[in-house]
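Work through the exercises below with the structure open beside you. Each task is followed by a solution in steps.

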Amino acid sequence: MAFTMRAVKVPPNSASLEEARHRVFDFFRQACRAIPSIMEIYNLDDVVTPSQLRSTIAKEIRKNQGVTNPKVIDMLLFKGMEELGNITEHAKQRHHVIGQYVVGQKGLVQDMEKDQGSSDFLKKFYTSNYS
Amino acid sequence: MAAPITAATSPLSPASRVQVMCSMLNPTSASFSRQTASFPSIRLRPVPSRFQALSCSAKQDTIDKVCEIVKNQLAVDEGTAVSGETKFVDLGADSLDTVEIVMGLEEAFQITVDESSAQVIQTVEDAAVLIDKLVAEKDA
């Protein structure tokens with residue numbers, strides 16, 4: 001029921017790039033304030049520190065640094081909020097969180113560069129048979 | 001010196017307190033156990049009067065601590081001089097880095113910086129002044 005209720009609340013589109021940028025910072029603050037409870041829920045004290053998690057979140061946001069379309073930013077923010085909600089509501093298991101945000105940078109997560117120019121065929125060609 | 005501040009600020013749950021100790025001291029597992037063992041003795045001390053004395057002269061301490069956190073966050077060379085007048089932008093921080101620094105300071109000092117205040121923070125001095133004000137408000 002919580003998931004259904006949350007799905008209804010979609011924020012209105014940003015009127016300008018500045019507003020979208022503002023919302024990105026709000027989302028980052030919200031995610032950072034959730035880090036202590038996330039570490040408590042998933043018992044992550046042994047494998048990561050809050051500052052490392054904060055840096056990982058910042059890195060994820062910085063991946064989309066070049067996006068300038070407010071509509072795209074809104075869509076990405078919606079996906080980010082969904083992911084944060086899934087984590088805080090315990091819809092993931094501990095190894096999912098560890099695999100994606102703790103050790104993911106060391107080979108578990110395929111980090112596709114967001115290349116705007118390549119065609120889908122070339123992207124899949126470079127990626128080969130991964131996943 | 002950090003531990004009395006932690007004990008005095010708020011009655012955190014054990015898990016949160018452990019997290020705070022972990023993030024502030026960054027110990028290994030072995031020293032982590034030792035810190036946990038020594039925590040009750042810290043709590044039994046007459047913290048309020050000592051904390052008041054500490055907060056009266058916290059200005060330079062706050063700036064030094066802020067400089068340390070900024071250095072860690074931005075991975076600045078140890079030789080780089082970070083003083084109260086240093087701008088985050090001069091150290092190579094973008095807007096997201098600045099927000100990240102503010103969140104790190106929130107965690108280290110156990111305060112909550114509201115959005116409008118966070119936007120005006122551009123130098124170490126700004127951050128230290130705001131932190132001193134917020135810590136004083138919380139103790140009042």
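**Exercise 1. Find which residues of α3(A) and α6(B) meet, and sort them by character.**

Solution. The model is predicted. Step 1: on the side of α3(A), list A:P50, A:R54, A:S55, A:A58, A:I61 and A:R62. Step 2: their partners in α6(B) are B:L96, B:D97, B:E100, B:M103, B:G104 and B:E107. Step 3: sorting the residues of this contact gives 5 nonpolar, 2 polar and 5 charged.

**Exercise 2. Decide how α3(A) and α6(B) are oriented to each other.**

Solution. Step 1: identify the helices, which are residues 50–63 of chain A for α3 and residues 95–109 of chain B for α6. Step 2: read off the packing angle of about 160° and the distance of 11 Å between the axes. Step 3: angles over 145 degrees count as roughly antiparallel, and the two helices are therefore roughly antiparallel to each other. Step 4: add the handedness; α3(A) crosses α6(B) in a right-handed sense.

**Exercise 3. Describe the packing of α2(A) against α3(A).**

Solution. Step 1: α2 of chain A covers residues 17–42. Its axis lies 10 Å from that of α3(A), at an angle of about 150°. Step 2: this angle makes α2(A) roughly antiparallel to α3(A). Step 3: the crossing of α2(A) and α3(A) is right-handed. Step 4: from α2(A), the contact uses A:V24, A:F27, A:F28, A:A31, A:C32, A:I35 and A:M39. From α3(A), A:P50, A:L53, A:R54, A:I57, A:A58 and A:I61 take part. Step 5: the count for this contact is 12 nonpolar, no polar and 1 charged.

**Exercise 4. Is A:I73 buried or exposed, and which residues does A:I73 touch?**

Solution. Step 1: locate A:I73 in helix α4 of chain A. Step 2: the relative accessible area of A:I73 is 10%. Buried means under 20%, so A:I73 is buried. Step 3: leaving out residues up to four places away in sequence, A:I73 touches A:L17, A:A20, A:V24 and A:V67. Step 4: compare sequence with space for A:I73 and A:R23, which are 50 residues apart in sequence and 9.2 Å apart from C-alpha to C-alpha.

**Exercise 5. Where in chain A is the confidence lowest, and where is it highest?**

Solution. Step 1: begin with the whole chain; the average pLDDT of chain A is 78, and 76% of the residues score at least 70. Step 2: the lowest confidence in chain A is in helix α1, residues 2–8, with a mean of 53. Step 3: the highest is in helix α4, residues 70–88, at 88.

Conventions
Residues are numbered from 1 along each chain as its sequence is written. Chains are lettered from A and ligands numbered from 1 in the order in which they are written. This is a predicted model: local features need pLDDT of at least 70, side-chain atom pairs count only at pLDDT 80 or more; totals for chains, interfaces and linings use all residues. Side-chain values use heavy atoms; hydrogens and water are left out. Axes are lines fitted to C-alpha atoms, for helices over the stretch in contact, and angles run from 0 to 180 degrees between N-to-C directions. Helices (H or I, at least four residues) and strands (E, at least two) are DSSP runs, numbered from the N terminus. Angles under 35 degrees count as roughly parallel, over 145 as roughly antiparallel, 65 to 115 as roughly perpendicular and the rest as oblique. A crossing is left-handed if the near helix is turned anticlockwise from the far one by less than a right angle, and right-handed if clockwise. Contact means heavy atoms within 4.5 Å. Ala, Val, Leu, Ile, Met, Phe, Trp, Tyr, Cys and Pro count as nonpolar, Asp, Glu, Lys and Arg as charged, and the others, Gly among them, as polar. pLDDT is the predictor's confidence in each residue, from 0 to 100. Buried means under 20% relative accessible area, exposed over 50%, partly exposed in between (1.4 Å probe, protein chains only).
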